[in-house]
Amino acid sequence: MTHTNFPGKEYFAGRRTVRAFSDEIPSRELLNSILSDAMRAPNTGNMQLYSVIVTRDPERLAALRPAHFNQPASMAPVLLTVCADVRRFERWCEVSGAQPEFRNLQGLVAAIIDASIYAQQIITIAEMHGLGTCWLGTTTYNASEIAAALCLPEGVVPVGCIALGYPEGETAQCERLPLEAVAYEERYPDFSDDRIRDLYRAKDEFPDNRKFVTENGKQTLAQVFTDVRYPASNSNPFSDKFLQYLRSAGFKI
């Protein structure tokens, strides 16, 4: 039996992130179908330690966007905030005569993994329905503000947001590392300097990336990441802020 022509192969090879959306709002029926089907995603112990907040109301969208730095993709007509959620499972345990203990590091990690897998399933199903999506990795930067806007209780932590809608115009496909850069046989390799340069060569030479280097007055693409996009002067304070929020959300970490 051959597995080279399974349904969806073209989708995965051609998949791209969308950052510009039309004003058309996906129907509630379509969204519910996508969110329901995505719940077949694998999760830890079948506990489903995740939840998702669907934001479609214009005023509530406007309140959320600053937490995502008003980036273009946040202007989508729908924002899906995916949360690591131990609270719902704890409540079920409590009303069932059980004593839950999930607000520790292990419980948090399990919930973040569950939420991340669920989010990816949502993205895949939504795009197969002709929608466009963008993963907003800014969610944990301002988790406390997002939690306040969405009235999230203790035990529920926003970990990602999916901007969703119908694509507006054409979207270019981003570059990716070659397979040998991320998949290793039997053991993790010891990369030489030359091997690392070779694995990242296509990324370094990608036209848009070379443009970023020039625009930011840097010598290498790596410097754009370390000095401009994710400098320690930003990442360390945001890390401290997120840790403080997690503790305020009841996690013993």
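## A tour of two pockets, a core and some cysteines

Begin by selecting Asp 193, Ile 196, Arg 197, Tyr 200, Lys 203, Asp 204, Thr 220, Leu 221 and Ala 222, which together line the second largest pocket of this structure, and keep in mind throughout that the model is a predicted one. If you colour by secondary structure, you will find that α7 (193-199), α8 (201-205) and α10 are the elements that each give two or more residues to this lining, and that α7 provides the largest share, with 3 residues. Colouring the lining by class instead gives 4 nonpolar, 1 polar and 4 charged residues, around a space with a volume of about 180 Å³.

Next, turn to the largest pocket, which holds about 1,200 Å³ of space. Its lining is made up of 35 residues, and a good way to find the middle is to select Arg 19, Gln 71, Cys 174, Arg 229 and Tyr 230, since these are the lining residues that lie nearest the centre. Then show α5 (105-128), β3 (132-136), α9 (207-215), α10 (221-229) and α11 (232-248), the elements that give two or more residues to the lining of this largest pocket. By class, the lining here comprises 16 nonpolar, 11 polar and 8 charged residues.

From the pockets, move to the nonpolar core. In soluble globular proteins, nonpolar side chains tend to be buried together. The largest such core in this model has 54 residues, and the ones to select are Ile 122, Val 157, Ile 162, Ala 163, Leu 164 and Tyr 245, which have the most contacts inside it. The element that gives the most to this core is α5, with 10 residues. Now centre the view on Tyr 245 and display what surrounds it: leaving aside residues up to four places away in sequence, Tyr 245 touches Ala 143, Ser 144, Ala 147, Val 156, Val 157 and Pro 158.

Finish with the cysteines. How many disulfides does the structure hold? The structure holds 0, and Cys 83, which is in no disulfide, has as its nearest cysteine sulfur that of Cys 161, 9.4 Å away. With a relative accessibility of 0%, Cys 83 counts as buried. Select Cys 151 as the last stop, where the closest cysteine sulfur, in Cys 83, lies 12 Å from the sulfur of Cys 151, which is too far for a bond. Is Cys 151 buried or exposed? Cys 151 is exposed, because its relative accessible area is 66%, and exposed residues are those over 50%.

Methods
Residues numbered from 1 in each chain as written. Predicted model: local features only at pLDDT ≥ 70, side-chain atom pairs only at ≥ 80, totals over all residues. Heavy atoms only, no water. 1 Å grid on protein atoms, 1.4 Å probe; cavity = no way out; pocket = protein on both sides within 12 Å on 5 of 7 lines; lining within 4 Å. Points joined across faces, edges and corners; volume = space filled by probe spheres on them. Helix = DSSP H or I, 4+ residues; strand = E, 2+ residues; numbered from the N terminus. Nonpolar A, V, L, I, M, F, W, Y, C, P; charged D, E, K, R; others polar. Core = buried A, V, L, I, M, F, W, Y, C linked by side-chain atoms within 4.5 Å. Buried < 20%, exposed > 50% of the residue type's maximum accessible area, 1.4 Å probe, protein only. Contact = heavy atoms within 4.5 Å. Disulfide = S-S within 2.5 Å.
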